[in-house]
Amino acid sequence: MKKVLVTGGAGYIGSTLVGLLLNKNYRVTVIDNLSFGGESLLGYWHHPNFEFFKLDITDSKSIHSLFETHSFDAVVHLAAIVGDPACSKQPILAKIVNYEASINLIEISMKHKVERFIFASTCSNYGKMLETEGYVDEYSPLAPVSLYAELKVKIENLILDNLTKSDEFCPTVLRIATVYGLSPRMRFDLTVNEFTKEVVLDRELEVFGEQFWRPYCHVYDVSRAILLVLESSKEKVAYNVFNVGETTENYQKKMIVEEIKKFIPNAKVKYIHKEEDPRNYRVSFEKIKKELGFFITKKVPDGISEIIEVVKKGIIKNPDDRKYYNS
């Protein structure tokens, strides 16, 4: 039975991934500082293959101790200050968590001969496309325009270019599209989720820069992609980078609104036009499809539909609660 350490396992992606791993008979250890609570893990608490430690990824001594007492076949590194706004609010902490702690975790993993290491990066690294009619891919130049993306690029460069390649260590970088959909640790500060929530609650939705492009991927499919990389041959994924998403799922913000209107035709929307946006990119996801056989199972309308349902039925009673927001 393979043993996987998931950092940030109580988070939006992590809490979804943990369920998939347990269903595939992995032994899963989660570490998280529970800055957004730990209720997302309650459904796994009594699973015989689940283990949790309340640890901060910046606590180097405790991380070292964990690796001294546990052996892991793989590390999925999700723990981070996530998103541009959150990093902008806490820039010093962001550098410590997203950069210094990540380097430390990579070094510890190599020292303890962890076979697989997956680093969760972001498509935000592409910044603003030069050719607005085309698509960026894994070979396109990176142009980070935020601290969040800058720190992700630094760790990418370490993994892909600066580590001495070894057959014993198999690291993979995943540049993840903007995520949406239901998760045990729900978020309503993500575009699809936020837009849908506002409309369901019969508020006027304000949309800034409706013409700018982003790629989107359901949190369940992102978790499936991580699992796929864990189970792919080393030759395909070692010291490699993959965009995670689907090429047909690039949307302008206005296009997302139009999808929401198919469910709620009387949606009240106010567009606030912006000529400049530091991030504007359409991403190709053909590499992960061709090389690993990855296909999504959900599209943006599916995410809209499930958000509408849980808000309308009161499954989530107060989607404005700050616990659903990263910043």
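Colleague: I'm new to this one, so let me start small: what does K268 count as in terms of accessibility?

Modeller: Bear in mind that this is a predicted model, where local features need pLDDT of at least 70 and side-chain atom pairs count only at pLDDT 80 or more, while totals for chains, interfaces and linings use all residues. Residues are numbered from 1 along each chain as its sequence is written, and side-chain values use heavy atoms, leaving out hydrogens and water. Buried means under 20% relative accessible area and exposed over 50%, with partly exposed in between (1.4 Å probe, protein chains only). At 38% relative accessibility, K268 therefore counts as partly exposed.

Colleague: Which residue does K268 form a salt bridge with?

Modeller: A salt bridge here is a side-chain nitrogen of Lys or Arg within 4 Å of a carboxyl oxygen of Asp or Glu. For K268, the closest N and O atoms of the pair are 3.6 Å apart, and the partner is D202.

Colleague: How many residues apart in sequence are the parts that K268 and D202 tie together?

Modeller: Helices (H or I, at least four residues) and strands (E, at least two) are DSSP runs, numbered from the N terminus. K268 sits in the loop between α9 (253–263) and β12 (269–272), and D202 in the loop between α6 (191–200) and β8 (205–208), so the parts tied together are separated in sequence by 66 residues.

Colleague: How many salt bridges does the structure hold?

Modeller: One network of them links K197, E198, R203 and D320. Inside helix α7 (residues 219–231), D221 and R224 lie 3 residues apart, about one turn of the helix, and their side chains meet in a salt bridge at 2.8 Å, N to O. For the whole structure, the number is 14.

Colleague: Is D221 buried or exposed?

Modeller: Its partner R224 is partly exposed, with a relative accessible area of 25%. D221 has 0% relative accessibility, so D221 counts as buried.

Colleague: Which residue forms a salt bridge with E156?

Modeller: E156 counts as buried because its relative accessibility is 1%. The closest N and O atoms of the pair are 2.7 Å apart, and the partner of E156 is R175. This pair links distant parts of the chain, 19 residues apart: E156 in helix α5 and, in strand β6, R175.

Colleague: How far apart are the end C-alpha atoms of helix α5?

Modeller: The expected span of a helix is 1.5 Å times one less than its number of residues. Helix α5 (residues 147–162) has 16 residues, so it should span 22 Å; that agrees with the distance between its end C-alpha atoms, 21 Å.

Colleague: Which elements do the buried residues of α5 pack against?

Modeller: The buried residues of α5 include L147, L151, E156 and L160. Contact means heavy atoms within 4.5 Å. The packing partners are α3 (84–89), α4 (91–111), β5 (116–122), β6 (170–176) and β10 (240–244).

Colleague: What are the edge strands of the open sheet β7-β9-β11?

Modeller: Two strands pair if DSSP finds at least two bridges between them. β7 joins β9 (residues 213–218) through 3 bridges, running parallel, while β9 and β11 pair in the antiparallel sense over 3 bridges. The sheet has 3 strands in the order β7-β9-β11, with mixed pairing. Its edge strands, each pairing on one side only, are β7 (178–180) and β11 (250–252).

Colleague: How many residues of β9 are buried?

Modeller: In a regular strand, side chains alternate between the two faces of the sheet. In β9, W213, P215 and C217 are buried on one side, and R214, Y216 and H218 on the other. β9 is largely enclosed by the rest of the structure because the buried count is 6 of the 6 residues.

Colleague: What angle does helix α11 make with β9?

Modeller: Axes are lines fitted to C-alpha atoms, for helices over the stretch in contact, and angles run from 0 to 180 degrees between N-to-C directions. Helix α11 (residues 300–312) lies across β7, β9 and β11, and its angle to β9 is about 65°.

Colleague: Which element gives the most to the largest nonpolar core?

Modeller: A nonpolar core is a set of buried Ala, Val, Leu, Ile, Met, Phe, Trp, Tyr and Cys residues joined through side-chain atoms within 4.5 Å. The largest has 74 residues, of which V6, I13, L21, V76 and I226 touch the most other members. With 7 residues, the element that gives the most to this core is α7.
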